[in-house]
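Colleague: I am new to this one. Could you take me through its aromatic pairs?

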Amino acid sequence: MMDGQSGTLEMAAQETRDGGSAETGERGRMQGEQGPGESQTGSGRGRRAHVIVLGNEKGGSGKTTSAMHVIAVLLQEGFRVASMDLDSRQRSLSRYVENRAAWSQSNGVRLAMPDHQVIELSQKETVAERQEDERERFQAGLARASAAHDFVVIDCPGSDSFLSRLGHAVADTLITPMNDSFVDFDLLARVDPQTYEIKGPSVYSEMVWESRKRRAMADGGSIDWVVMRNRLSMLDAKNKRRLEGVLETLADRIGFRLAPGFGERVIFREMFPSGLTLLDLKEGGAWSMSHVAARAEVRQLIETLDLPLTEMAGEG
């Protein structure tokens, strides 16, 4: 038996089918479509796309769900969007995109799709050969994606890897989703268990710092780092307030911005098998209050990210 949120999701998806096209299908770019005067090999803009990287060295933080909803918003706004999956073993973002294409075909609904690619792990013999091979394939894939798109969204594996470090180092916007707990916070910094004072940055923060240095040396660019608190409890618990306090302190110390993430909602987990996002469901249909709140969370995240939407629209 389905719970209330499951039932309303199924009904909302049915209304999307009945309506003939999803919201992103009406406003976004369809898979294989070209914009006015745009060739398949490039957009002719002569500049790189804005690169959005979702990274965290801990799995289960909501990177893939967040990535797909960012992609859906950008597609809905009519931007050319490419996506790259750097986790060729788990392929969570790839599965999401594949599920989306399958749902679109089986239901006769045209959904806007990102131009997706997976960067495979190298099978070379030595570490040096593997890293050089992965670097070449990553750079080639990013160059192709940047040449023909306005935004490139990169989903990194939930662990430290050479490909993940390559991805972090090219970010214009780095989004780090984290569950709202001190377990996830431990990747960012260490705290005193008695006073909750920050003792120092942890492994992931140090890796981001190194990525920022590599980016600055490579092209003089900077990385806008945004930490996104996911699976927020609706209850005002003491632990929640403590975590918020140390995050605000750490943000000032090591230079990231805080973004409101997604609440602990069943709706986000249910959408993966169909490949749908909240942006695909028709408004005014069989929506519960949880759907309404979840969609508002997506919009609030996009506003906080402050992506260069106007600039990209003007140059597209």
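Modeller: Here are some questions on ring pairs and burial, for a predicted model.

Colleague: How many aromatic pairs are there?

Modeller: The count comes to 5 aromatic pairs.

Colleague: Why is the pair of Phe79 and Phe151 called edge-to-face?

Modeller: The planes of Phe79 and Phe151 stand 80 degrees apart, and the ring centres are 5.2 Å apart. Centres within 6.5 Å make a pair, and planes over 60 degrees apart make it edge-to-face. Therefore Phe79 and Phe151 earn both words.

Colleague: What makes this pair a tie between separate parts?

Modeller: Phe79 lies in the loop between α3 and β2, while Phe151 lies in strand β4. Those parts are 72 residues apart in sequence, so the pair ties them together.

Colleague: Why is Phe79 called buried?

Modeller: Buried means under 20% relative accessible area. Phe79 has 6% relative accessibility, so Phe79 counts as buried. Phe151 has 0%, so Phe151 is buried too.

Colleague: How do you know that Trp225 and Phe256 form an edge-to-face pair?

Modeller: Their centres are 5.1 Å apart, and their planes meet at 65 degrees. The limits are within 6.5 Å and over 60 degrees, so the term fits.

Colleague: What does the pair of Trp225 and Phe256 tie together?

Modeller: Trp225 sits in strand β8, and Phe256 in the loop between α9 and β9. These parts are 31 residues apart in sequence.

Colleague: Are Trp225 and Phe256 buried or exposed?

Modeller: Trp225 is at 2% relative accessibility, so Trp225 counts as buried. Phe256 is at 7%, so Phe256 counts as buried as well.

Colleague: Which residues form one aromatic cluster?

Modeller: Tyr204, Trp225 and Phe256 do.

Definitions and conventions. Residues are numbered from 1 along each chain as its sequence is written. This is a predicted model: local features need pLDDT of at least 70, side-chain atom pairs count only at pLDDT 80 or more; totals for chains, interfaces and linings use all residues. Side-chain values use heavy atoms; hydrogens and water are left out. Rings of Phe, Tyr and Trp (its six-membered ring) pair if their centres lie within 6.5 Å; planes under 30 degrees apart count as stacked, over 60 as edge-to-face and the rest as tilted. Helices (H or I, at least four residues) and strands (E, at least two) are DSSP runs, numbered from the N terminus. Buried means under 20% relative accessible area, exposed over 50%, partly exposed in between (1.4 Å probe, protein chains only).
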